[in-house]
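Reader: I would like a close look at one part of this model, the surroundings of its ligands, with the cut-offs stated wherever a term depends on them. Please set that part within the chain as a whole afterwards.

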Amino acid sequence: MTCWALLAVKPPHLGKSRLASVLSGAQRERLIRVMLARVLDALDAAEEIDQIAVVTPATELLPRGVIALDDPGGGLNHALGAGRRALIARGADEVLVLHADLPSLSASEIDSFVRQGRHTGLALAPDRHGHGTNAVFLAGDGDFSFRFGTSSFTRHMDEAAARAREATVINLPGFAMDIDEPADLQHFLGTEGSLLESALGTEGSLLESPLTPRSSTRWTPRPRNFSLLHAVEHG
Ligand SMILES: Nc1nc2c(ncn2[C@@H]2O[C@H](COP(=O)(O)OP(=O)(O)OP(=O)(O)O)[C@@H](O)[C@H]2O)c(=O)[nH]1
Ligand SMILES: O=C(O)[C@H](O)COP(=O)(O)O
């Protein structure tokens with residue numbers, strides 16, 4: 001059984017536009033790079049993942065050993081569909097499609113997702129709101145059209161039903177917490193940040209002020225004891 005992970009990443013200067021109200025362009029690019037690196041590290045450490053491929057024109061983002069796939073154009077769903085077919089042609093028995101903006105995803109969660117997904121051969125990870133989809137596990141080479149975009153979780157469930165496939169819905173914290181909107185970043189800081197503060201014995205200090213829109217006061221991440229923000233601020 002060969003399981004490939006498949007991601008899609010557009011050029012970083014075009015990404016995370018919904019965070020433009022709280023992060024500068026340079027900060028958004030660094031956030032994209034840091035989150036991608038975290039996801040790739042977790043995939044690398046996962047026992048159930050044999051290979052990793054990324055559909056992207058930004059091959060400079062990828063560490064050695066990660067396969068870059070050409071982006072055929074036509075948007076995310078088309079890119080992932082083409083990527084999955086390319087992996088099946090290379091011998092993949094299973095493909096785990098996941099997003100690159102899951103900063104708290106762990107190797108053990110990836111293993112758990114794949115193992116649970118094998119029960120029905122199709123698994124979906126909803127985001128924490130239950131609206132988006134952050135990962136899709138597919139066993140075999142049966143057709144499945146990716147439906148990322150607005151209300152993608154419902155649309156993926158509909159796609160499963162249309163294909164007469166039973167979807168296993170898996171809720172794991174690292175798969176649920178993607179960073180799309182300023183509120184997601186705030187939420188992430190409120191969980192991971194406070195955990196870190198607790199470990200450092202500095203409870204309460206990291207979150208004393210909420211994210212502030214850049215239009216009024218430029219939000220300056222305080223990187224003191226939070227590695228993700230440190231990387232976003234300092235590269
Ligand atoms: N290769 C490739 N990746 C894409 C494409 N569209 C989106 N992506 C990637 O798919 C993931 C989800 O995409 P989006 O939610 O549209 O973009 P985002 O950068 O996360 O955020 P916004 O700009 O705020 O929408 C991100 O990793 C994107 O880089 C595409 O056409 N080609
Ligand atoms: O379908 C979705 O859930 C989104 O398009 C996925 O991308 P995002 O969570 O990064 O917006």
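The answer below begins with the ligands and then turns to the chain around them.

Author: This is a predicted model, in which local features need pLDDT of at least 70 and side-chain atom pairs count only at pLDDT 80 or more, while totals for chains, interfaces and linings use all residues, and side-chain values rest on heavy atoms, with hydrogens and water left out. Residues are numbered from 1 along each chain as its sequence is written, with chains lettered from A and ligands numbered from 1 in the order in which they are written.

Ligand 1 sits in the largest pocket, and the space taken by ligand 2 is likewise the largest pocket. A pocket here is found on a 1 Å grid over the protein atoms alone, as an open set of points where a 1.4 Å probe fits, with protein on both sides within 12 Å along at least five of seven lines, and a molecule sits in it if more than half of its atoms lie within 2 Å of its grid points.

The residues around ligand 1, meaning those with a heavy atom within 4 Å of it, are A8, V9, K10, G15, K16, S17, R18, V55, D71, G75 and L76. Polar contacts, which are pairs of N or O atoms within 3.5 Å, involve both backbone and side chains here. A backbone N or O atom of K10 lies 2.8 Å from an oxygen atom of ligand 1, an N or O atom in the side chain of K16 is 2.7 Å from an oxygen atom of the ligand, and a polar side-chain atom of S17 also lies 2.7 Å from an oxygen atom of ligand 1. Taken alone, ligand 1 exposes 610 Å², of which the protein buries 81%; such areas come from the Shrake-Rupley method with a 1.4 Å probe, and for residues only the protein chains shown count as cover.

K16 deserves a second look for its backbone. This residue lies in the loop between β1 and α1, where helices (H or I, at least four residues) and strands (E, at least two) are DSSP runs numbered from the N terminus. K16 has a positive phi of about 55 degrees although it is not a glycine. Most residues other than glycine have a negative phi. With a relative accessibility of 16%, K16 counts as buried, since buried means under 20% relative accessible area, exposed over 50% and partly exposed in between, with a 1.4 Å probe and protein chains only. A164 also has a positive phi of about 55 degrees without being a glycine, but A164 is found in the loop between α4 (152–162) and β7 (168–169) and, at 71% relative accessibility, counts as exposed.

Around ligand 2 are R18, H99, D101, G132, T133, N134, F148, G149, S152, D178 and D180, so that R18 appears in the surroundings of both ligands. A polar side-chain atom of D101 lies 3.1 Å from an oxygen atom of ligand 2; backbone N or O atoms lie 2.9 Å from an oxygen atom of the ligand in the case of T133 and 2.7 Å in the case of G149. Of the 300 Å² of accessible area that ligand 2 has on its own, the protein covers 84%.

Two residues of this second group, G132 and N134, are also touched by P126, which lies in strand β5 (residues 122–126). Contact means heavy atoms within 4.5 Å, and P126 further touches F153, V169, I170, N171, F175 and A176, residues up to four places away in sequence not being counted. At 6% relative accessibility, P126 counts as buried.

Strand β5 is also one of the elements against which the buried residues of helix α3 pack, together with β1 (3–8), α1 (25–45), β4 (94–98), β6 (133–139) and α5 (173–176). In α3 (residues 107–117) the buried residues are A107, E109, I110, D111, F113, V114 and G117.

For the chain as a whole, seven helices and seven strands follow one another from the N terminus as β-α-β-β-α-β-α-β-β-α-β-α-α-α. Of its 235 residues, 48% count as buried, and the chain exposes about 10,700 Å², 49% of it supplied by carbon and sulfur atoms. Among contacts between residues at least 6 apart in sequence, 65% join residues at least 24 apart.

Note on methods
Polar contact = N/O pair within 3.5 Å; in protein donor to acceptor, adjacent residues only side chain to side chain. 1 Å grid on protein atoms, 1.4 Å probe; cavity = no way out; pocket = protein on both sides within 12 Å on 5 of 7 lines; lining within 4 Å.
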